[in-house]
Amino acid sequence: MTQPHIYDTIIIGGGPAGLSAGIYSGRSTLDTLIIEGDQIGGQVTTTSTVANYPAVETIDGTALVNKMQQQAKDFGVHFIHDEISTYDFNDTIKMVQGKQSRYYGRSIIIATGAKPRQVGFDGEQAFRGRGVAYCSTCDGELFSGLEVFVIGGGYAAAEEADYLTRFARHVTIVMRSNEFTCAPLTAARALDNPNISIWRNTEIQSVSGDNYLTSATFINNQTQETTTYHVQDGDNTFGIFVYVGTDPQTQIFDHDIALNDNGYIIADRHQQTNISGVYAAGDVVEKPLRQIVTAAADGANAATSAELYVTEQKRKLNMTVKRQVPKKSTQHSETAPKTALNQQQQVVPKHSGAWFSDEIIQQLQPILDRLTKNVTLYQFKNPSDKSRELSQFLQEFGQLNEHLHYDNVTLTQQIAEEHKIERTPHFVILDEHGKDTGIEFSGIPTGHELNSLILAVYNVAGPGQTIDSQLAERIKQLPVTKLAIGVSLTCHFCPDVVAACQHIAALNDNVSAEMIDLQLFPEIRAQRHIMSVPALMIDQNSDIVFGSQTLEDIVTAIETATVHA
């Protein structure tokens, strides 16, 4: 029987705390695994601009964590994408059970972070994705020229309100207190912005509308006076962006790990929890300040404590404690393609010059080198500027590897009807036999969506991402289904949903999956009343599934839609 691999430390969570712990753990030559169930980077990837991280004047939140992740990889840290469901921390060798596999470690660092808190006002859930939003970098551009309300009075509210003025006609901050609860310099970003108004001592009570959010009611908590805002003439909706704090992701740990009354993990100054060899770091921990810099400090502290613990455990077992210079990671885990492209910058409105810089090509090469079969990027062309841009993009992409090929056909009415092409720019992926895989792109997959294209190619012409055998069998049983995923090229959650849908299409000939850049096709937004991304559309008449979804979530949604069809 094969003995399971035992890591020196397992870090649960890939936000700034987990990545910082990985950097320190890897640098100390510990055999380290980071398990992330969602998006590498956590909440910071929803931050438009980080302006308070030491030695970095300003940086996009996603770009910052991408640098941290690459640094951890360079120290040999392994990454796995899995969702932890159960665990056993009682023995010397500790176990965590994911949906895909079971993992063993001598020490554990819990860095599961926190998620945005909902306010609970009437209509909040009903209009999520149709006016109510929680991520400015994902959804901000969808509110271009519209009125926006930001609910909250802390760091995130001030920073994201300032960011949203890039798109919105005007932004109003609604805060229940009289003053901001963040640092004065952060508050000044909102206070000094002429396109921001502030309603103090005010709370949101309810929202309403038909297909879109069209009305909201607010109450002054001092005078009890209510104010109702109605969408202005000529606008189809307005925005409510919620930034009222977070809830710690500690649900699965509440029966063993000591938590405070608010659900945060209680840890000492060494980040030690109540269980020996188990540490906690970042927003999941009870502490007075939750910022990227404090998360990073927690991670470093936890990793240092874990190193001392693991070293002592090995000495007790008469195990040799090896000290060697860490080497850059050359691993090819299932998540390598998922994370290797996260250095991508956001797409710009107009393109000139080469699409792929030397830096991007260098990042892509390890993945493209694993391709073993030919794949064709087949474009349906028309005379539009965007179609020409797509042609240039695909031709340049096709030159990156001998297995990549580009071909095209001029789109005529007959071809459009024959291949059911509804919009351009548009291309599909053909396998080595020239067969349509059902993987489609309406738009130019730049920005974060380059990840989707790379994973699509990897799943068709390479080893492909590994998935649970039972889930794979469920995918093969799915009936004829057309998936369409409305995206924004600046959305960091979108590529996961697109890649998961297109992975399903790669495994099942009955399923097609199309990425749609909603900025290029506003008529789809209007028809389906979409004001948030990712927006998963299962066939034409089903309800839209908004937000981040796992592969299993999507399979379940398809199965459910089929039953109700």
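Okay, let's start with one pair of side chains: Arg-388 and Asp-385 form a salt bridge, and their closest N and O atoms sit 2.2 Å apart. Before I go on, keep in mind that this is a predicted model. So where are these two? Both belong to helix 9, residues 385–398, and because they are three residues apart there, about one helical turn separates them. As for how open they are, Arg-388 counts as partly exposed, at 43% relative accessibility, while Asp-385 is exposed, with a relative accessible area of 51%.

Next pair. Glu-552 makes a salt bridge with Arg-474, and here the closest N and O atoms are 3.5 Å apart. Which parts of the chain does this one tie together? Glu-552 is in helix 15, residues 551–564, and Arg-474 is in helix 12, residues 469–476, so the bridge connects parts that are 78 residues apart in sequence. Glu-552 is partly exposed, with 29% relative accessible area, and Arg-474 counts as partly exposed too, at 26%. These two also have company: Glu-83, Lys-99, Arg-474, Glu-552 and Glu-559 are linked in a network of salt bridges.

One more pair, this time on strands. Lys-482 bridges to Glu-514, with the closest N and O atoms 3.4 Å apart. Lys-482 is in strand 22, residues 481–487, and Glu-514 is in strand 23, residues 511–517, so to speak a link between distant parts of the chain, 32 residues apart. Buried or exposed, what do we call Glu-514? At 2% relative accessibility, Glu-514 counts as buried. Its partner Lys-482 counts as partly exposed, at 28%. If you search the whole structure, you find 19 salt bridges.

Now a charged residue without one. Glu-124 is buried yet has no salt bridge, and the nearest side chain of opposite charge, Arg-128, is 7.1 Å away. A salt bridge needs the nitrogen and the carboxyl oxygen within 4 Å. So what does the Glu-124 side chain reach? It gets to the backbone nitrogen of Val-119, at 3.1 Å. You'll find Glu-124 in the loop between strand 7 (114–116) and strand 8 (132–133). Leaving out residues up to four places away in sequence, Glu-124 touches Gln-118, Val-119, Val-132, Tyr-134, Val-207 and Val-242.

On to the greasy bits. In soluble globular proteins, nonpolar side chains tend to be buried together. Here the largest nonpolar core has 88 residues, and among those with the most contacts inside it are Val-150, Phe-356, Phe-393 and Ile-504. Which helix gives this core its largest share? That's helix 11, residues 450–461, with eight residues. Take Val-150 as an example: beyond its neighbours within four places in sequence, its contacts include Ala-157, Leu-164, Ile-173, Phe-241 and Tyr-243. Apart from that core lies another, of 28 residues, with Ile-40, Tyr-279, Ala-306 and Val-310 among them.

Last, let's zoom out. The protein has 15 helices and 25 strands. Its radius of gyration is 24 Å, close to the 24 Å that the globule rule gives for 565 residues, so the protein is as compact as a globular protein of that length. The C-alpha atoms fill a box of roughly 75 × 70 × 50 Å along the principal axes. How much of the protein is buried? Buried residues make up 56% of the 565. And if you take the contacts with a separation of 6 or more, 68% of them are between residues 24 or more positions apart.

Definitions and conventions: Residues numbered from 1 in each chain as written. Predicted model: local features only at pLDDT ≥ 70, side-chain atom pairs only at ≥ 80, totals over all residues. Heavy atoms only, no water. Core = buried A, V, L, I, M, F, W, Y, C linked by side-chain atoms within 4.5 Å. Buried < 20%, exposed > 50% of the residue type's maximum accessible area, 1.4 Å probe, protein only. Helix = DSSP H or I, 4+ residues; strand = E, 2+ residues; numbered from the N terminus. Contact = heavy atoms within 4.5 Å. Lys, Arg positive; Asp, Glu negative; His and termini not counted. Polar contact = N/O pair within 3.5 Å; in protein donor to acceptor, adjacent residues only side chain to side chain. Rg over C-alpha atoms; globule rule 2.2 N^0.38 Å.
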